Amino acid sequence: MDAVSSSDQVGVNGRTRSLSYWSLAFAVASVLAMSIDIRIASVFKNGLPKSFRSLGEFLEICEAFGHGYGVTLILIAVVVLDPLKWKCLPWLISGSLGSGMIANILKLSVHRIRPRDFDFTQATVWDTFSRESVGVKEMQSMPSAHTATAVGLAVMLSTIYPRGRWYFAVLAVLVGMQRIATSAHFPSDVCAGAAVGCLFGMVSCALMKSRFGQKQDFDSMKTIPTSRVEVGNGPLP
């Protein structure tokens, strides 16, 4: 394995620091968002207005980027279309689906009621954390596992396909918007999920880089060198 140059190390460390800052920023945003949770969630209590039906359908489709089944299909597509990336699959799984699992575990200890099951006529934001006479599923609002999965997946895909990083980030944002628009989560839940996904994605990314070498450029991997591709009886010019 090639030795790691100082510039490569600086680049990796810089990305790690950037992700850690983003995770901290999302955590702080989650706390601050509690001041607007009730106002925002009450707007979407009954879903989007009919005039925004197309937007709602679009967001529902985007949810697949943060859903376990959708993520699984995306990861399969990565392996099928780019076979050299199969070695990255364990880290892609841990960074995406693993983030969602961590978020689901955290939900069991937070016990926050979902907006769709909350009575907005009586309460403050702190009442959303009280135990209500509802089922276990209704008390699993914080953090958003869909958002955690989407952000973790975006971090991992951005690592191996850096040219698509903004596209992946936009998809993750749309997943968070969908969770709020469908009254499944409060804004602070979405920010908390993003913090989990960013943090766990960062850890998975760092482990993957450590496994394959810091100098690995995932975006420049080629299946067959161009100079070896032949057409007919001779190589391409």
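1. **Burial overall.** In this predicted model, buried residues make up 42% of the 237 residues in the protein. Keep that figure in mind when reading the points below, since several of them concern burial.

2. **Elements.** The protein has 8 helices and 2 strands. Their order along the sequence is α-α-α-α-α-α-α-α-β-β. In that pattern, the helices come before the strands.

3. **Contacts along the chain.** Take the contacts in the protein with a separation of 6 or more. Of these, 82% are between residues 24 or more positions apart. Point 6 gives an example of two residues far apart in sequence: M202 and S20, 182 residues apart along the chain.

4. **Helices α4 and α6.** Two packed helices are described by the angle between their axes and the distance between the axes. How do α4 and α6 run, roughly parallel or roughly antiparallel? Helix α4 covers residues 68-81, and helix α6 covers residues 145-160. Their axes come within 12 Å and cross at roughly 10°. Angles under 35 degrees count as roughly parallel, so α4 is roughly parallel to α6. On the α4 side, the contact is made by V71, I74, L75 and V78. On the α6 side, T149, L153, L157 and I160 make the contact. Sorted by type, the residues of this contact are 7 nonpolar, 1 polar and no charged.

5. **Helix α3.** Which residues of α3 are buried? In this helix, residues 53-62, they are G56, L59 and C62. Seen down the axis of α3, the buried residues fall within an arc of 120°, so they line one face of the helix. An α-helix has 3.6 residues a turn, so residues three or four places apart point the same way. On the other side of α3, R53, S54 and I61 are exposed. The cover over the buried residues of α3 includes α7, residues 165-181.

6. **M202.** This residue sits in helix α8, residues 187-212. Is M202 buried or exposed? Its relative accessibility is 13%. The cut-off for buried is under 20%, so M202 counts as buried. Leave aside the neighbours of M202 within four places in sequence. M202 is then in contact with T16, L19, S20 and V155. The C-alpha atoms of M202 and S20 are separated by 7.3 Å, although the two residues are 182 residues apart along the chain.

7. **Aromatic rings.** How many aromatic pairs does a search of the whole structure find? The search finds 5. Ring pairs also link F118, F120 and F186 into a cluster.

8. **The loop between α5 and α6.** Two backbone details belong here. P143 lies in this loop, which follows α5 (89-110). A cis peptide bond joins M142 and P143, with omega about -5°. H111 lies in the loop between α5 and α6 as well. Phi of H111 is near 55°, a positive value in a residue other than glycine. H111 counts as partly exposed, at 23% relative accessibility.

9. **S183.** The loop between α7 and α8 holds S183. Phi of S183 is near 60°, again a positive value in a residue other than glycine. Is S183 buried or exposed? With a relative accessible area of 2%, S183 is buried. H111, by contrast, counts as partly exposed.

Note on methods: Residues are numbered from 1 along each chain as its sequence is written. This is a predicted model: local features need pLDDT of at least 70, side-chain atom pairs count only at pLDDT 80 or more; totals for chains, interfaces and linings use all residues. Side-chain values use heavy atoms; hydrogens and water are left out. Axes are lines fitted to C-alpha atoms, for helices over the stretch in contact, and angles run from 0 to 180 degrees between N-to-C directions. Helices (H or I, at least four residues) and strands (E, at least two) are DSSP runs, numbered from the N terminus. Angles under 35 degrees count as roughly parallel, over 145 as roughly antiparallel, 65 to 115 as roughly perpendicular and the rest as oblique. Contact means heavy atoms within 4.5 Å. Ala, Val, Leu, Ile, Met, Phe, Trp, Tyr, Cys and Pro count as nonpolar, Asp, Glu, Lys and Arg as charged, and the others, Gly among them, as polar. Rings of Phe, Tyr and Trp (its six-membered ring) pair if their centres lie within 6.5 Å; planes under 30 degrees apart count as stacked, over 60 as edge-to-face and the rest as tilted. Buried means under 20% relative accessible area, exposed over 50%, partly exposed in between (1.4 Å probe, protein chains only). The arc is that of the directions from the helix axis to the C-beta atoms.
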